Structure formats: C-alpha cells, structure tokens
Amino acid sequence: MSEQTPVAPSREAILEVRDLAVDYGQGRSALHALAGVDLTLHRGELLGISGESGSGKSTFAATITRLLRPPGRIISGSVRYHPRHDPPVDVLTMAEAALRRWRWEEVSVVFQAAMNSLNPVARVSSQLTDVLEVHRPEMDKRARLDRARELAELVGIHESRLSAYPHQLSGGMRQRIMIAMALALDPEIVIMDEPTTALDVVVQREILTRMSELRARLGFSVIFITHDLSLLLELADEIAVMYAGKIVELAPAEDLYRSPRHPYTEGLLGSFPSLVGPRRELVGLVGSPPDLRRVPPGCTYHERCPIAQDVCARVDPELKTHDRRSVACHFRSPGPGPVAVAAAPDSGLPSGLIEVRDA
Ligand SMILES: Nc1ncnc2c1ncn2[C@@H]1O[C@H](COP(=O)(O)OP(=O)(O)O)[C@@H](O)[C@H]1O
Ligand SMILES: [Mg+2]
C-alpha cells in the first residue's frame, strides 16, 4: 500500500465467503446463527452489512476471522483470502501460527465496544507503539514513535494528544485511536463491527466517513457492520442485508437506496410500496425476528412480511442474482427494469408477470 497512489475500487475479490453456516450449541437446542452465507469482498471496496440485532452480523465477522468461540460451531463453508501476490488461502483451515500473522498483518478487526478495551493506564502513544513492538520487532524505538505520530495524523488526532490517557479523550477520539491501531500494520482488510454504541450515530458516521477516505487513500478494503442501514447508503460501495442468519438482499448502495427489492430492506429503510395503489409510507418494521432455535419453515421473514403469500410459509426463497444485485424473495426479482416478478407457481396469485412498480 502506498499513500501516493490512490487505488480505484476494482472488482477483484479479496475475501470470498461461501455457504457459511454456524450454530451455537448442538442437537435440538442448536441456534442457527448463520444459515449458508455467500458474500464476496472486493479489493479496495467498502462493503456494508446491515440487519436488525440478532441477524448474525457479529457471528459472521467473528467466523470469517476465526474468532468464533464455543458454543459457536462452524457447520459448513469456506473463507478464501486472496493475498496480493501469493495464491489464495483458506482461512478456516489455516494453521494457528499463520492465522495469528494473518489476523494482524492482513486483516484487522474492531469489535463492538472495542474502545472500552483500550488500556486505561497506558498512554495513547504506548498503546500504538506496543502493537508495533510486538509485530515489527525490527523497528527501533524512534521509528515506532514516528509511525505512531503518522498514524495519529492519519486519523486526525493532534500529536499533542498522544501523551494522553484514554479517559482524557472523548468517545470520538478513543474511536480514532482504535482506528489508528487497526491500521498500524497496514492491513489489507479492516472489519468494523458496530464500532460505536447504538446511540452514537454521529460518531459512527464520522468513523465510517474516515474509513471511506482512508481506504481510498491507502487501498485497503473494509467490511463495516451496523444495524443502521441508512448510515451505509452514502458511504458503502455495496450493501448486504442480513435477516435471521441469511443474506436476503445484496446490491450496490445506490441501487439499494433507489430501489430496494426485498420487503425487509424496505422495512429497514422505513417504507415499502403496496402491491396496488400508491406508495404507502410505514415507519420501521412490524414484529421481531424469529427465534433462531425454531426457525419457521419457508421464508424466515414471512411472518412479518407485508406481501407474503401462502408459498412464503412453505418454500424458502433462493437468493437469486442478476448482475450485481441479489434478492431472496418469491415476489421480487433482482433483474433490471420494473420490479416485476413471475408469480410463484402455487402462490395463489395469477401466473405470469405482476408489475409491482418502477425500479
Ligand atoms: N455466544 C453465543 N451463544 C449463544 N447464542 C449466541 C451467542 N452469540 C450470539 N448468539 C445468538 O446468535 C444470533 C446471532 O447473533 P449475532 O451474530 O450477535 O447477531 P448481530 O450481531 O446481528 O446482532 C442471535 O440469536 C444471538 O442470540
Ligand atoms: Mg452484533
């Protein structure tokens, strides 16, 4: 990575997740937290993942970085990482030593509430130089301090604040320190899982904006997880919407905003169109996500879905893809043009195309 050459987002895969399934617990009481997730992160891009609490976002982040702890168990799937110059590696079968190196050098993860994990009795500068001391033993003390200053500047922290203790800094400042630590070793991928609390929308937006700028400058890729879909709309390249352990919609951010296809995405965006008549505005979603120990048959969303038909309670819709859009719904197609779908064979609706609305 070089600071001088901005890297244009490309469509080269850097991380490919296939058919990932994770349970918590075993047997009849197993909770199916991920039920077959396919998702690709592209080099230099910012991929947003959204969905209500409990949809499996954190489980996804932990599993793809091999940080899943018992009772979490990987049931199936693969995670393929493409280094810049070497052949791809399978993260899920990587040996411990290689994994530790990978996790710091190639990927860094900032988990929920991470800013509370800053060491309260160590100055900011030494938290940064400690990372370097462990992973860059060849650097001398002066070089480490220089790099700490550089990192502080990168995230907009004045050098004078480096001697502060975490409690002397605002929440926003502590977040920036976390970002600086995540970038200390020039990772290729940065994964951020709800890097602030639910109420801190302003700080979360600030972090996302900064991440978006930095990845454009430094060329790394980002997975940014938040339950707040609206936050992702302007800053993500691509957005995956998760529901009950599955991806129900995937689209470039702009397309998702202009024409959400899945009724759940529409619910998250705060409105959905009716099948007939003018667009109805609804605030938020009705009901709550299903119990993942007893997932209902059919589409996991059907009990809350405003356009559900009989078929939805029986048949789980596949995630269908057209170009860069995917959607898992019997009545919504990922294709272009008017959002028209073939009525499912036994849906009770007339067969043929039903025009829902213009995309
Ligand atoms: N350690 C755990 N043990 C048992 N169940 C868990 C554990 N962690 C998460 N879960 C369950 O897995 C599901 C997905 O959770 P999570 O991945 O945290 O979703 P999100 O990050 O979208 O809120 C939820 O039903 C949650 O209760
Ligand atoms: Mg979470």
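Two strands are taken to pair if DSSP finds at least two bridges between them, and strands themselves are DSSP runs (E, at least two residues), with helices being runs of H or I of at least four residues, numbered from the N terminus. The model described here is predicted, so local features need pLDDT of at least 70 and side-chain atom pairs count only at pLDDT 80 or more, while totals for chains, interfaces and linings use all residues. Residues are numbered from 1 along each chain as its sequence is written, and chains are lettered from A and ligands numbered from 1 in the order in which they are written.

A good place to begin is the pairing of β1 (residues 13-24) with β4 (residues 72-81), which run antiparallel and are joined by 8 bridges. Within this pair, D23 has R73 of β4 as its bridge partner. Both strands belong to an open sheet of 4 strands, ordered β2-β1-β4-β5, with antiparallel pairing. Because β2 and β5 (89-90) each have a single partner strand, they stand at the edges, and one side of each is left without a neighbour in the sheet. Across β1, β2 and β4 lies helix α1, running at about 65° to β2; here, axes are lines fitted to C-alpha atoms, for helices over the stretch in contact, and angles run from 0 to 180 degrees between N-to-C directions. Contact means that the C-beta atoms of two residues, placed from the backbone, lie within 7 Å.

A second open sheet holds 8 strands in the order β6-β7-β8-β3-β9-β10-β14-β13, and its pairing is mixed. Its edges are β6 (107-110) and β13 (320-322), each with a single partner strand, so one side of each is left without a neighbour in the sheet. Helix α1 lies across strands here too, namely β3, β6, β7 (189-193), β8 and β9, at about 150° to β7.

Strand β3 (residues 46-50) has 5 of its 5 residues buried, buried meaning that 20 or more other C-beta atoms lie within 10 Å of a residue's own, with C-beta atoms placed from the backbone. L46, G48 and S50 cover one side, and L47 and I49 the other. β3 runs parallel to β8 (residues 221-225), with 4 bridges between them, and L46 stands opposite V222. With β9 (residues 238-243), β3 also pairs in the parallel sense over 4 bridges; there I49 stands opposite A240.

Technical notes
A residue is buried if 20 or more other C-beta atoms lie within 10 Å of its own, exposed if 12 or fewer, and partly exposed in between; C-beta atoms are placed from the backbone.
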